[in-house]
Amino acid sequence: MSKISLFFICILTVFYCCSCQSGKQTATESKVSVPEQQKCFNWNSPQIKKLCDGIVYTRLDRSSPRLLKMAAVKIDLTNPKLRFKMTSRDKDWGKPMPGFEKKFVIRTRRQTCKMFMEEHVRKGYNMVLTVNGTPFGPWQPPWNHPYADGQGLLVDNGVLVAPPRHKRPGFIVKKDGTFDLAGFKNTDDISHIKHAISGFSTVLANGKIVDKSRKGLAPRTGFGMSADKKTLYILVADGRQPNYSLGISTREVAEFLKYLGASDGLNMDGGGSTTLYIRDKNGMRNLAHYIGGFERMLGACMGIYIADEKQK
């Protein structure tokens with residue numbers, strides 16, 4: 001065999017090996033795994049920050065195998081001073097929605113999570129956290145309609161704001177003081193529900209990941225609950241921002257919620273809706289980051305506040 005032939009064989013071999021390694025790297029980058037040495041997140045680590053009694057939070061940023069900016073919150077549902085508040089009915093609730101009279105009725109008036117928090121602080125609520133939740137409509141150009149409908153089950157302080165839709169699962173606060181992640185049909189009795197906010201789908205059930213999709217990297221919001229239903233976990237991941245954060249799949253929402261300690265988990269509305277505000281002595285700040293700094297007007301928000309003796 002000539003030296004020239006050997007030279008080309010070597011070149012082809014190197015090219016093949018590099019191609020194989022490149023393929024392996026691409027496959028690896030299609031998923032983000034929790035650390036192999038720690039399958040359960042350590043909520044007692046020094047990186048954990050206290051927001052208030054019963055609520056702690058942390059960053060979950062990653063640089064490998066994909067650039068990610070994420071934040072997580074752990075909420076002690078047994079803390080008697082922590083109360084929930086959902087977006088309430090608009091004053092024109094139930095009327096045909098202008099421009100969409102045949103398809104939608106008015107349920108809520110859209111507002112950002114920041115606006116929701118500021119409104120309730122003005123009303124005297126010591127609100128410490130707000131997060132996005134439900135999908136909503138109409139969602140079409142020019143994207144600035146003032147009202148929302150189609151959220152799925154939304155209940156605020158025992159008052160129905162939006163009815164169940166496609167049995168979308170949601171976070172439920174019952175009148176007896178217990179909590180759940182559950183879906184409801186239009187015919188189901190909801191008289192026992194004090195607060196509810198719906199998401200898109202169940203991704204984690206009884207500790208098993210039920211959403212297998214690794215496609216569609218995007219900003220995401222996830223809600224998770226411990227097996228004893230005494231702890232709520234909230235996960236937000238930024239996405240679609242090259243050189244900052246690329247986003248996660250719905251399966252990865254389940255993986256990270258399980259890693260945080262959840263037994264059951266939901267994929268909530270995501271994309272540009274993903275928002276998580278906290279408020280402490282240093283003021284309000286958003287733990288999510290938006291492309292261009294724009295914060296979306298949402299069909300519904302969930303808030304957590306510290307109740308005083310007069311608030312129920």
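Two strands pair if DSSP finds at least two bridges between them. Strands themselves are DSSP runs (E, at least two residues), numbered from the N terminus. The model on display is predicted: local features need pLDDT of at least 70, side-chain atom pairs count only at pLDDT 80 or more, and totals for chains, interfaces and linings use all residues. Residues are numbered from 1 along each chain as its sequence is written, and side-chain values use heavy atoms, with hydrogens and water left out.

**Stop 1: the open sheet**

Select β8 (residues 154-156) together with β12, two antiparallel strands joined by 2 bridges. Leu154 has Ile197 of β12 as its bridge partner. Widening the selection shows an open sheet of 5 strands, ordered β9-β8-β12-β10-β11, with antiparallel pairing. At the edges are β9 and β11, each of which pairs on one side only. From one strand to the next the twist averages 35° (axes are lines fitted to C-alpha atoms, and angles run from 0 to 180 degrees between N-to-C directions).

**Stop 2: strand β10**

Next, select residues 169-174, which make up β10. Of these 6 residues, 5 are buried (under 20% relative accessible area, 1.4 Å probe, protein chains only), so the strand is largely enclosed by the rest of the structure. Towards β12 (residues 193-198), β10 pairs in the antiparallel sense over 5 bridges. Phe171 stands opposite Ile197 in that strand. Towards β11 (residues 179-183), β10 is again antiparallel, with 5 bridges. Here Ile172 has Asp180 as its bridge partner. The two strands β10 and β11 form a hairpin with 4 residues between them. In the turn, Gly177 has a positive phi of about 90°.

**Stop 3: the nonpolar cores**

Keep Phe171 selected and add Ile55, Ile75, Phe84, Leu129, Ile234 and Met302: these residues have the most contacts inside the largest nonpolar core, which has 35 residues. A nonpolar core is a set of buried Ala, Val, Leu, Ile, Met, Phe, Trp, Tyr and Cys residues joined through side-chain atoms within 4.5 Å. A second, separate core of 21 residues includes Val203, Leu204, Ile209 and Leu235.

Return to Ile75 and display its contacts (heavy atoms within 4.5 Å). Leaving aside neighbours within four places in sequence, the partners of Ile75 are Gly54, Ile55, Leu82, Lys230, Thr231, Leu232, Ile234 and Ile304.

**Stop 4: backbone features in the loops**

Most residues other than glycine have a negative phi, and most peptide bonds are trans. The following selections depart from those patterns.

- Select Lys167, in the loop between β9 (159-162) and β10. Its phi is near 55°, a positive value in a residue other than glycine. Lys167 is partly exposed (between the 20% and 50% limits), with a relative accessible area of 47%.
- Select Asn206, in the loop between β13 (201-205) and β14 (208-209). Although not a glycine, Asn206 has a positive phi of about 55°. Asn206 is exposed (over 50%), with a relative accessible area of 65%.
- Select Ser64 and Pro65, whose peptide bond is cis, with omega near 0°. Pro65 is found in the loop between β2 (55-59) and β3 (70-76).
- Select Gly137 and Pro138, which are also linked by a cis peptide bond with omega near 0°. Pro138 lies in the loop between β6 (126-132) and β7 (147-148).
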